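Trainee: Before I use words like "buried" or "salt bridge" in my notes, can we go through what earns each label?
Mentor: Sure, let's put it up and take the labels one at a time.

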Amino acid sequence: WYQRRVRGKRYRKVDWKMLANADVEKITRDLDYHALQANIMNVAFCDTKSQDFLEVDDDFIKLYRLGQYTIEYLLHCQEYLSHGTVELEAKLREAIRFRNEVKDKMEVKPSSEPSSSR
């Protein structure tokens, strides 16, 4: 994960209009994950070495970059878990199909011969 994900170049410029339109109070109050999802690329992949951040305190940049890495790691976890879920669902479907085949073979078929009476 570290080699493939985190060490990639940050390439986005901050979309200040999108950032200004984010209603943090509404996001907090309503747990508005759609708004978070809409802003995730803007926050996680912006270049903190661009002109937009020249006047920003170094400690804040460090905090921000740690936040970026945390978001990127969580995105990786989400992708990994989603992939694992797809694989498990496929295995479950196969197990159900196999169980149904075995069940069909094990069912006792009624005999067509009349039973003898005493």
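Trainee: What covers the buried residues of α4?
Mentor: The cover includes α2 (16–21), α3 (24–30) and α5. Before going on, keep in mind that this is a predicted model, where local features need pLDDT of at least 70 and side-chain atom pairs count only at pLDDT 80 or more, while totals for chains, interfaces and linings use all residues. Residues are numbered from 1 along each chain as its sequence is written, and side-chain values use heavy atoms, with hydrogens and water left out.

Trainee: Which residues of α4 are buried?
Mentor: A35, N39, I40, N42 and A44. Buried means under 20% relative accessible area, exposed means over 50%, and partly exposed is in between (1.4 Å probe, protein chains only). Across the protein chain, buried residues make up 16% of the 118 residues.

Trainee: What makes α4 a helix, and how does its span compare with the expected one?
Mentor: Helices are DSSP runs of H or I with at least four residues, strands are runs of E with at least two, and both are numbered from the N terminus. Helix α4 covers residues 33–44, which is twelve residues, so it passes the minimum of four. The expected span is 1.5 Å times one less than the number of residues. That gives 16 Å for α4, and its first and last C-alpha atoms are 15 Å apart, close to the expected value.

Trainee: How many helices and strands does the protein chain have?
Mentor: Five helices and zero strands, so the order from the N terminus reads α-α-α-α-α.

Trainee: Why is the D32 and K26 pair called a salt bridge?
Mentor: The rule wants a side-chain nitrogen of Lys or Arg within 4 Å of a carboxyl oxygen of Asp or Glu. For D32 and K26 the closest N and O atoms are 3.3 Å apart, so the pair qualifies. D32 counts as buried because its relative accessibility is 18%, whereas K26, at 33%, is partly exposed.

Trainee: How do you know that D30 and R29 form one?
Mentor: Same test: their closest N and O atoms are 3.3 Å apart, which is within 4 Å, so the label holds. D30 has a relative accessible area of 41% and is therefore partly exposed. R29 has 60%, so it is exposed.

Trainee: What about R97 and E94, and where do they lie?
Mentor: Both lie in helix α5 (residues 58–106), three residues apart, about one turn of the helix. An α-helix has 3.6 residues a turn, so residues three or four places apart point the same way. Their side chains meet at 2.3 Å, N to O, so they pass the 4 Å cut-off too. R97 is partly exposed at 38%, and E94 is partly exposed at 40%. Elsewhere, salt bridges that share partners join K26, R29, D30 and D32 into one network. By this rule the count comes to five salt bridges.

Trainee: What makes L31 stand out, and where is it found?
Mentor: L31 has a positive phi of about 50° although it is not a glycine. Most residues other than glycine have a negative phi. L31 is found in the loop between α3 and α4, and it is called exposed because its relative accessible area is 67%.

Trainee: Which residues is Y11 in contact with, leaving aside its neighbours within four places in sequence?
Mentor: M41 and F45, where contact means heavy atoms within 4.5 Å. Y11 sits in the loop between α1 (2–6) and α2, and at 51% relative accessible area it is exposed. Y11 and K49 are 38 residues apart in sequence and 9.9 Å apart in space, C-alpha to C-alpha.

Trainee: Is W16 exposed or partly exposed, and where is its place?
Mentor: W16 is in helix α2, and with a relative accessible area of 45% it is partly exposed. W16 and D52 are 36 residues apart in sequence, with their C-alpha atoms 9.6 Å apart in space.
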